[in-house]
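Let's walk through this model together, from its helices to its core and its charged pairs. Have the coordinates open as you read.

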Amino acid sequence: MNYEEAAKRLEEIIAKLESGTISMSEALTLFEEGEKLAKVCFNELNAAKGKLTEVKEELGKLTITAQD
């Protein structure tokens, strides 16, 4: 599951939990699923941050020379 899918499902879960129309049992099940999805999102964001940091470091190593 990618970040977009996990975030979308997490939004659906939040809406159901906020509706107040579900049973306690269903709320607990959804909460547990939401925790797992939040971890997926967190891990995906951390991976993206790491990649961006690598690119930034590589760009910092480059030197631009002007040619006349």
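What follows covers the helices, the core and then the salt bridges.

A quick note on the ground rules: this is a predicted model, so to speak, where local features need pLDDT of at least 70, side-chain atom pairs count only at pLDDT 80 or more, and totals for chains, interfaces and linings use all residues. Residues are numbered from 1 along each chain as its sequence is written, and side-chain values use heavy atoms, with hydrogens and water left out.

**The first helix**

Helices here are DSSP runs of H or I with at least four residues, numbered from the N terminus. Helix α1 takes in residues 3–19, 17 residues in total. The expected span of a helix is 1.5 Å times one less than its number of residues, so α1 should span 24 Å, and its end C-alpha atoms are indeed 24 Å apart.

Which residues of α1 are buried? They are A6, A7, L10 and I13, where buried means under 20% relative accessible area, exposed means over 50%, and partly exposed is anything in between (1.4 Å probe, protein chains only). These four cover an arc of only 120° around the axis, which puts them on the same side of α1; the arc is that of the directions from the helix axis to the C-beta atoms. That fits the usual helix geometry: an α-helix has 3.6 residues a turn, so residues three or four places apart point the same way.

Flip to the face of α1 turned away from its buried side and you find the exposed residues E4, K8 and E11. E11 comes in at a relative accessible area of 56%, which is why it counts as exposed. A7, by contrast, counts as buried because its relative accessibility is 17%.

The ends of α1 have their own details. At its start, a side-chain oxygen of N2 reaches to within 3.1 Å of the backbone nitrogen of E4. Just after the helix, G20 takes a positive phi of about 70°.

**The second helix and the core**

Helix α2 covers residues 24–61. With 38 residues at 1.5 Å each, α2 should span 56 Å, and its end C-alpha atoms are 55 Å apart, which agrees. Its buried residues are A27, L30, G34, L37 and C41, and they pack against α1. Seen from the other helix, α2 is part of what covers the buried residues of α1. Contact here means heavy atoms within 4.5 Å.

What does L30 touch, leaving aside its neighbours within four places in sequence? L30 is in contact with R9, I13, K16, L17 and I22. Another pair to look at is A7 and A38, which are 31 residues apart in sequence and 7.7 Å apart in space, C-alpha to C-alpha. For E11 and K39, the separation is 28 residues in sequence and 14 Å in space, again C-alpha to C-alpha.

The largest nonpolar core has seven residues: A6, A7, L10, I13, L30, L37 and C41. A nonpolar core is a set of buried Ala, Val, Leu, Ile, Met, Phe, Trp, Tyr and Cys residues joined through side-chain atoms within 4.5 Å. Both α1 and α2 supply at least two residues of this core, with α1 giving the most, at four. As general background, nonpolar side chains tend to be buried together in soluble globular proteins.

**Charged pairs**

A salt bridge is a side-chain nitrogen of Lys or Arg within 4 Å of a carboxyl oxygen of Asp or Glu, and by this rule the count comes to three.

| Salt bridge | N to O distance |
|---|---|
| E12 and R9 | 3.3 Å |
| R9 and E33 | 2.9 Å |
| K61 and E58 | 3.5 Å |

E12 and R9 both lie in helix α1, three residues apart, about one turn of the helix. E12 is partly exposed because its relative accessibility is 36%, and R9 is partly exposed too, with a relative accessible area of 22%. The R9 and E33 pair links distant parts of the chain, with R9 in helix α1 and E33 in helix α2, 24 residues apart. E33 counts as partly exposed, at 27% relative accessibility.

K61 and E58 both lie in helix α2, three residues apart, about one turn of the helix. K61 counts as exposed at 59% relative accessibility, whereas E58 is partly exposed at 48%. Salt bridges that share partners join R9, E12 and E33 into one network.

Technical notes. Polar contact = N/O pair within 3.5 Å; in protein donor to acceptor, adjacent residues only side chain to side chain.
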